[in-house]
Amino acid sequence: MTTGNAVERVKCLIIGSGPAGYTAAIYAARANLAPVLYTGLQTGGQLTTTTEVENFPGYPEGVTGPVMMEDMRRQAERFGTDIRFGIVTGVNFSGHPHEVTLDGEQTIMADAVIIATGATAKYLGLPSEDRFRGSGVSACATCDGFFYRGKDVAVVGGGDTACEEAIYLAGLCREVYLIVRKNYLRASKVMQQRVFATANIKVLFEHNTVELFGSDMGLEGVRLVYRKGETDEAFKEIRVDGFFLAIGHVPNTEAFKEYLQLDAEGYITTLGTSTRTNVPGVFAAGDVMDPVYRQGITSAGAGCKAAIDAERFLVGL
Ligand code: NDP
């Protein structure tokens, strides 16, 4: 199944570099498991695209996502984790050791594998959304907000991410429309309060995006529908240069789905309160297996558990 030339044998392979991956690495390295960690495409994971993190214990003044992830990386390296850039393109979990292919060419045989590949932002799925990806459409305000300084933008979603992105963009942009499909925000109370207290955020409850429009130069606006669009007045256009998606995520489990048990939404199923998957020696931690809590701190906790589970598995080999 693999096309690689180099085959390497490792005791503990960690896939992913968010809080789950790095925490697993810290614990595995300190337990002498000589972990090798592959970062995936987005080194540091989703927290590198966030601004202030105020709820991670140990940072009383808050910290930015990128700084926190850099701290975690350094801590993992300090105990000897071998951190490499690479993307898993295939696995074979039918035997033992487990075979993992990186970048379509390198094969690693691992006694234990910890999957911490996280989740990826969802898009609405409109054809016009695809057309303006990279020229107006983005799923990361902190990455791309800078390009829309002084302009009008829209954010879609009613959760904590949407509120956080709207507040961030409000500091850069002229007007921020928050497009919410229900008649309430799902976000935590504190985030809601911040949104309502920000003068240049306009919340459009019960609105859905029908179409994005613009030219070859980029996005110029979006067409919205209010409620179910019973009347002609229910449709309206807003002029925006940027359109930010904040409507949740899908877990990054594509490479593993042939072997691992997943739930209906594609999250890896783990056994009981452990991080064990249905394949002995394969463990999962963080957003890739957690559709409920999805916090940096809960991911870090799961990464710790995965390393301990892996250590116990390896002792029994
Ligand atoms: P959520 O799943 O909480 O919210 C997604 C939002 O997008 C909901 O309002 C949902 O609407 C809306 N939505 C989904 N699909 C569509 C669609 N097709 N069209 C329009 N709207 C849509 O995701 P988040 O990313 O906001 O948060 C994920 C988790 O991370 C949560 O547990 C959150 O608390 C946490 N988080 C915490 C932060 C913090 O503590 N600082 C910061 C960011 C996230 P509806 O409500 O109708 O389902």
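How many helices and strands are there in the protein? There are seven helices and 19 strands. Please keep in mind throughout that this is a predicted model.

## Overall shape and surface

Let us start with the whole chain. The C-alpha trace spans about 70 × 45 × 35 Å along its principal axes. A compact globule of 317 residues would have a radius of gyration near 20 Å, and the 21 Å of this protein agrees with that.

Of the 317 residues, 49% are buried. The accessible surface comes to about 15,500 Å², and carbon and sulfur atoms hold 49% of that surface. The side chains include 29 positive and 37 negative ones, and the centres of these two sets lie 4 Å apart.

Sequence separation is worth a look too. Taking the contacts with a separation of 6 or more, 59% are between residues 24 or more positions apart.

## The nonpolar cores

Which residues have the most contacts inside the largest nonpolar core? They are Ile14, Met68 and Ile114, in a core of 29 residues. Two or more residues of this core come from each of strand E1 (7–15), helix H1 (19–30), helix H2 (65–78), strand E8 (106–115) and helix H7 (296–315). A second core, separate from this one, has 23 residues, including Val100, Leu102, Ala110 and Met289. As general background, nonpolar side chains in soluble globular proteins tend to be buried together.

Ile14 is a good place to begin exploring. Apart from its neighbours within four places in sequence, Ile14 is in contact with Gly21, Ala24, Ala25, Ala28, Pro35, Val36, Leu37, Tyr38 and Ile114. One of these partners, Ile114, also belongs to the three residues with the most contacts inside the largest core.

Two helix residues add to the picture. Thr23 is found in helix H1, and Thr23 counts as buried because its relative accessible area of 11% is under 20%. Beyond four places in sequence, the contacts of Thr23 are with Met72, Ala300, Gly303 and Cys304.

Ala76 lies in helix H2 and is buried, with a relative accessible area of 0%. The C-alpha atoms of Ala76 and Ala24 are 8.6 Å apart, although the two residues are 52 residues apart in sequence. Leaving aside neighbours within four places, Ala76 is in contact with Tyr22, Ala25, Ile26, Thr81 and Ile83.

## Residues in loops

The loops hold several residues that deserve a visit, and the table sets out how accessible some of them are.

| Residue | Relative accessible area | Class |
|---|---|---|
| Asn32 | 63% | exposed |
| Glu206 | 18% | buried |
| Gln261 | 45% | partly exposed |
| Thr49 | 17% | buried |

Start with the backbone. Most residues other than glycine have a negative phi, and most peptide bonds are trans. Where does Asn32 lie? Asn32 is in the loop between H1 and strand E2 (36–38), and its phi is positive, about 65°, although Asn32 is not a glycine. Glu206 also has a positive phi, near 55°, and is a residue other than glycine. Its place is the loop between strand E13 (201–205) and strand E14 (207–215).

A cis peptide bond joins His96 and Pro97, with omega about 0°. Pro97 lies in the loop between strand E6 (88–92) and strand E7 (98–102).

Which residues does Thr49 touch beyond four places in sequence? They are Gln42, Cys140, Thr142 and Cys143. Thr49 lies in the loop between E2 and strand E3 (52–53). Although Thr49 is in a loop, its relative accessible area of 17% makes it buried, because the cut-off is under 20%. The C-alpha atoms of Thr49 and Val113 are separated by 26 Å, with their positions 64 residues apart along the chain.

Gln261 has its place in the loop between strand E18 (249–251) and strand E19 (282–284). With a relative accessible area of 45%, Gln261 is partly exposed because this value lies between the 20% and 50% limits. Not counting residues up to four places away in sequence, Gln261 touches Tyr267, Ile268, Thr269 and Asn278. Phe85, by contrast, is 176 residues away from Gln261 along the chain, and their C-alpha atoms are separated by 27 Å.

Key. Residues are numbered from 1 along each chain as its sequence is written. This is a predicted model: local features need pLDDT of at least 70, side-chain atom pairs count only at pLDDT 80 or more; totals for chains, interfaces and linings use all residues. Side-chain values use heavy atoms; hydrogens and water are left out. Helices (H or I, at least four residues) and strands (E, at least two) are DSSP runs, numbered from the N terminus. The radius of gyration is taken over C-alpha atoms; the globule rule is 2.2 Å times the number of residues to the power 0.38. Buried means under 20% relative accessible area, exposed over 50%, partly exposed in between (1.4 Å probe, protein chains only). Contact means heavy atoms within 4.5 Å. Accessible areas come from the Shrake-Rupley method with a 1.4 Å probe; for residues, only the protein chains shown count as cover. Lys and Arg count as positive and Asp and Glu as negative; His and the chain ends are not counted. The place of a charge is taken as NZ of Lys, CZ of Arg, CG of Asp or CD of Glu. A nonpolar core is a set of buried Ala, Val, Leu, Ile, Met, Phe, Trp, Tyr and Cys residues joined through side-chain atoms within 4.5 Å.
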